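User: Please take a close look at the largest pocket in this model. What lines the pocket, and how is the part of the fold beside it put together?

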Amino acid sequence: MENYYHELVGVMITWTTYGTWLPGDQRGWRSKIQGNQLPDPELHLQCAEKMKFAPVSLSIADRATVHAACRNHCSHRGWELHAVNARTKHVHVVVSGYEKPQIIRDQLKANCTNALRQQITPLNVERTWTRGGDCQYLFTEEDLEHAVRYVLEAQDGS
């Protein structure tokens, strides 16, 4: 299985801030096992009622901190960061590195959390991110180029 990851050209990783894209969401959502799912208002309500903390939105300063944390950690680890785009409620990165994508994701999230807690105006919340995140494997240069364009050009203003 380890060789499988070495065949990747890169990975597009997306993770969301806590409480901002719950299962059942009206925009649709992704199940780890079943993939893309349709909206389910009842499920969304159940998940919202189980939340222990307030939803988290990233400010402009927070977003800049996330960008810098991703750049710094990728440089430190020797990973190639092709694109990063932190939005108010989610983060996208496109990266190449010889690690399992889930390890890259988890390390980036942890480093972003640390940076957010140490910035001039710290983001001190109980949970910054939702668990896990989506890892889209990129097997060709065309896949990589498409992911970079999506991350840098196809995001709305939030």
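Analyst: The lining of the largest pocket comes first, then the packing of one helix that contributes to it.

The model is predicted. Its largest pocket holds about 1,400 Å³ of space. The lining is made up of 37 residues, and those closest to the pocket centre are Thr16, Trp21, Arg30, Thr130 and Arg131. By class, the 37 divide into 13 nonpolar, 14 polar and 10 charged residues.

Several secondary-structure elements take part. At least two lining residues come from each of the strands S1 (10–16), S2 (29–31), S3 (35–37), S5 (90–96) and S6 (134–138), and likewise from each of the helices H2 (41–50) and H4 (101–118). S1 supplies the largest share, with four residues.

H4, one of the contributors to the lining, also packs against helix H3, which spans residues 60–77. The two helix axes come within 9 Å and cross at roughly 130°. Angles over 145 degrees would count as roughly antiparallel and 65 to 115 as roughly perpendicular; H3 and H4 are therefore oblique to each other. The crossing of H3 past H4 is right-handed.

On the H3 side, the contact is formed by Asp62, Thr65, Val66, Ala69, Cys70, His73, Cys74 and Arg77. These meet Gln107, Leu108, Asn111, Cys112, Ala115 and Leu116 of H4. Taken together, the residues of this contact comprise eight nonpolar, four polar and two charged.

Methods:
Residues numbered from 1 in each chain as written. Predicted model: local features only at pLDDT ≥ 70, side-chain atom pairs only at ≥ 80, totals over all residues. Heavy atoms only, no water. 1 Å grid on protein atoms, 1.4 Å probe; cavity = no way out; pocket = protein on both sides within 12 Å on 5 of 7 lines; lining within 4 Å. Points joined across faces, edges and corners; volume = space filled by probe spheres on them. Nonpolar A, V, L, I, M, F, W, Y, C, P; charged D, E, K, R; others polar. Axes fitted to C-alpha atoms, helices over the stretch in contact; angles between N-to-C directions. Parallel < 35°, antiparallel > 145°, perpendicular 65-115°, else oblique. Left-handed = near helix turned anticlockwise from the far one by under 90°. Contact = heavy atoms within 4.5 Å.
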